[in-house]
Amino acid sequence: MAAEQFDTSWMWNPAFIEKATSTAGRFVHFRKTFFVNAEIPTSLPIQITADTRYKLYVNKQLVAFGPVKGDANLWFYDEVDISPYLRVGENHIAIHILRLFHGTSYGTSFPRLGTGGVRIATAVDDEVWAPQIRSSELWQTAIDHNVTLRIDEEEDDFLHVYELVSASHDTKLEWIPAILLRFQNSTGVTAPWKLSPRLIPPMRSRRSYFSAIHNVKSGLSHGTWSAGLLGIQSGESNLFLPARSSHQFDLETPIHTTAFIRFRFVRPEVGGACLTITYSESYEDSPVLIPYLRCKGNRCDTSKFLIGPKDIYTFRGKDGNPRLGYYDDEETEEVYMPFHWRTFRFMRLNIETGSSDLIMRGIDIDVVSYPLDVLSNISTTSDDGTLGALYDTSIRTLQNCMHDCYEDCPFYEQLQYAMDTRSSCLFTYHVSGDDRLARQAIIQLHSSFQPRIGLTASRAPSTQLQIIPHFSLYWICMLHDHFLYYADKTFVRPLLPVVDAVLGYFHERIDHRLDLVSLRNEKGVWNFHDWAEQWRPYGIPPSAEKSGVSTYTNSLYAYTLKLAAKLQGECAGRLSLAEEYSHRAGRIVDAVKRQCFDGQYFTDSIAACSDPEADRSQHNQVWAVLSGAVRGDSAQALLKCALGSSQSGAPLIKTSISMSFYTFRAISTAGGSLYDELFHVLWQPWRHQLSLGLTTWEEDDVSHRSDCHAWGSAPIYEFLAEVAGIRPAKAGWQEIEFAPRLGLYTSLDATVPIYREGKMVLAKVGWSSLDGETRVTLGIEGLDESISVHVKLPGWPVMVEKSSQSMLFTWTRC
């Protein structure tokens with residue numbers, strides 16, 4: 001029998017204990033010194049990953065932060081070139097590890113496996129560099145017991161990355177040799193981390209600055225603090241804070257920000273001073289329930305409360321200097337750098353100097369996010385600036401919800417939910433043509449599939465499995481969208497069996513007396529619909545919860561079946577299965593019309609058992625249109641009543657911001673002049689947010705929990721796909737649809753990126769009106785050959801033209 005083979009490429013601290021009562025995890029340090037006596041190579045790529053997160057430093061320079069969030073199915077490593085950071089002579093490599101404990105409810109946003117570990121190696125296994133770099137017992141390691149990952153922060157139910165840093169002399173770092181972890185690597189058994197190179201580019205960083213200071217309570221004047229901490233001049237301040245003094249002030253950034261922060265001070269003679277940082281998205285009144293129910297008005301009203309999670313740092317002074325090699329001038333400067341990036345619009349600092357004077361040098365803000373290259377733009381001269389404000393705020397919101405995965409809200413959860421991500425992917429396609437983060441999201445949600453249930457998780461990756469059946473349908477919609485925009489059969493086809501399984505979950509739950517899906521309460525399943533005040537606490541209509549039959553569930557299921565039919569037919573060539581899906585959708589739609597329409601509106605559940613005063617919502621009018629239960633003039637009339645100001649009887653329960661994308665899809669699908677009639681009216685909630693001082697879109701207008709959530713970035717799609725009118729007419733942009741809504745603005749200029757056959761193409765749209773005549777231009781730049789453009793001008797028959805860099809149409813209203 002062959003000898004067993006082992007993987008010993010991972011190292012860890014032998015003293016690490018995977019539990020503690022007061023912290024969500026521990027920080028672990030690794031260091032190694034080596035000498036370079038020969039010429040430094042022009043390139044020295046290394047591969048590095050860790051469980052849970054790492055920061056890599058070479059000669060006190062930050063080189064990399066990672067890994068990208070993974071899970072047991074796919075764990076990512078980074079490849080970075082350390083050659084630019086090396087020097088002839090002595091070199092120091094340091095790795096700072098955040099290890100969140102396995103098997104706890106903390107740090108939901110950060111998956112981790114059963115043991116911590118660090119893996120570092122050269123990309124090429126040579127005789128010179130590989131032995132010096134790779135994981136080995138020659139590395140030294142120490143557990144940092146001075147830092148607690150706070151679990152007592154009432155604002156934080158998901159992240160648990162906020163820090164309490166003490167300076168106890170009884171818990172100095174104890175450096176010991178690392179151990180190599182030993183995993184079987186034969187007979188189909190490997191190490192627990194299933195390694196993959198990262199699928200997305202590294203995050204992009206840029207320096208930013210504070211713009212204002214408020215509520216100063218200090219012996220130093222407002223002007224002194226402003227001169228030292230605001231704007232570009234804030235880099236090298238010397239703010240003298242005398243011993244036994246207290247200081248409090250609020251700092252404001254121009255826009256909602258996600259960033260790595262460095263608080264820089266001259267290293268004091270003795271430790272003991274305390275710095276407390278409160279991160280907040282807004283000023284607000286006293287919350288009803290932290291963190292979930294907030295009372296927010298003008299976000300910049302500095303007379304109100306500033307509430308948020310805190311980092312608490314105790315200065316170590318000269319005697320407590322750990323000399324970790326994480327920044328220059330460790331002997332003379334004391335720098336507090338929270339490990340994970342922070343989210344904030346406002347920041348409150350409380351400084352207690354203790355027995356030693358403090359000198360504050362400055363605060364560095366390095367904004368980080370996914371490197372989204374915004375290639376689109378849109379502008380008009382025919383409004384008051386609203387279009388530009390809506391569009392720019394939407395781009396900013398989207399960017400702040402993109403890091404190493406799509407995120408619902410960067411301040412609270414940083415979780416990749418399928419419903420949220422579906423719209424974020426579409427926004428990204430239209431803004432940049434970039435699908436790399438979307439592909440990763442699709443894969444990660446696919447990997448979360450639970451065969452025992454028949455559904456994907458609502459969010460992935462995550463340490464806690466959550467099942468929301470509707471979100472599995474949104475994942476299928478994501479697949480459909482990706483194929484429509486990129487036509488990548490090789491990518492999509494292997495995922496289709498899970499599509500069929502998810503649809504089977506709903507098919508198996510059809511109540512054949514009604515021909516409708518019935519989702520009863522099942523343990524471990526949350527039938528969430530939307531955040532509506534009347535559906536609290538769990539976002540489910542009472543009538544649907546009582547009967548088990550939800551009109552929304554059935555309409556969404558039918559809508560998804562139709563998209564899945566297109567996928568099976570066009571991507572997989574499985575025409576019989578596509579026909580089956582279409583037939584199943586038709587039966588559901590027919591049953592919705594029979595069972596869930598009360599003669600005026602589609603009710604939340606069975607119409608015969610519904611109260612017209614309580615069981616009607618905008619949601620089910622929107623989804624009735626999207627599913628095809630109502631069409632044409634009837635659809636237009638239904639939505640006009642449901643969304644307009646002419647509702648009769650009890651007002652319908654309103655859709656939240658999360659449903660805004662689908663509301664606009666419905667009024668577009670309904671046809672006629674409805675979209676143009678409602679377009680400017682429906683943006684009122686967004687205009688209201690701007691008037692309250694938001695710089696990103698809030699999560700919802702019911703709880704007001706978070707001030708940044710990408711599902712509010714619907715203006716991106718509406719302006720580029722609907723107003724400018726650029727959409728794929730065939731999968732992969734093999735043909736283009738050009739259907740501008742010329743009646744919404746008298747003038748417009750827009751650029752929409754199109755990623756087609758591995759190449760970026762730009763569609764440039766413009767029009768201007770004079771004396772009842774509109775001159776419309778379309779230029780398709782970057783094509784190797786002409787393609788068909790389906791031109792749909794309002795009220796005109798469809799024209800199919802060959803693309804060029806200069807297409808001109810003269811339109812007059814019929």
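**Salt bridges in a predicted model**

In this predicted model, Asp-404 and Arg-53 form a salt bridge, with the closest N and O atoms 3.0 Å apart.

Student: How many residues apart are Asp-404 and Arg-53?

Tutor: Asp-404 sits in the loop between helix H3 (386-400) and helix H4 (418-432). Arg-53 belongs to strand S5 (residues 53-58). The pair links distant parts of the chain, and the separation is 351 residues.

Student: Are Asp-404 and Arg-53 buried or exposed?

Tutor: Buried means under 20% relative accessible area. Both Asp-404 and Arg-53 fall in that class: buried.

Student: Is Lys-318, the salt-bridge partner of Glu-269, buried, partly exposed or exposed?

Tutor: The closest N and O atoms of Glu-269 and Lys-318 are 2.8 Å apart. Lys-318 lies in the loop between strand S25 (310-314) and strand S26 (333-336). Buried requires under 20% and exposed over 50%. Lys-318 has 39% relative accessibility, so Lys-318 is partly exposed.

Student: Which helices does the salt bridge between Glu-718 and Arg-665 tie together?

Tutor: The side chains of Glu-718 and Arg-665 meet at 2.6 Å, N to O, and both residues are buried. The two residues are 53 residues apart in sequence. Glu-718 lies in one helix and Arg-665 in another, so the helices tied together are H17 (residues 714-723) and H14 (residues 660-670).

Student: Which residues form one network with Glu-718 and Arg-665?

Tutor: Salt bridges that share partners join these two residues to others. The other members are Asp-676, Glu-722, Arg-727, Glu-737, Arg-741 and Lys-792.

Student: How many salt bridges are counted?

Tutor: The rule asks for a side-chain nitrogen of Lys or Arg within 4 Å of a carboxyl oxygen of Asp or Glu. The count by this rule is 54.

Definitions and conventions. Residues are numbered from 1 along each chain as its sequence is written. This is a predicted model: local features need pLDDT of at least 70, side-chain atom pairs count only at pLDDT 80 or more; totals for chains, interfaces and linings use all residues. Side-chain values use heavy atoms; hydrogens and water are left out. Helices (H or I, at least four residues) and strands (E, at least two) are DSSP runs, numbered from the N terminus. Buried means under 20% relative accessible area, exposed over 50%, partly exposed in between (1.4 Å probe, protein chains only).
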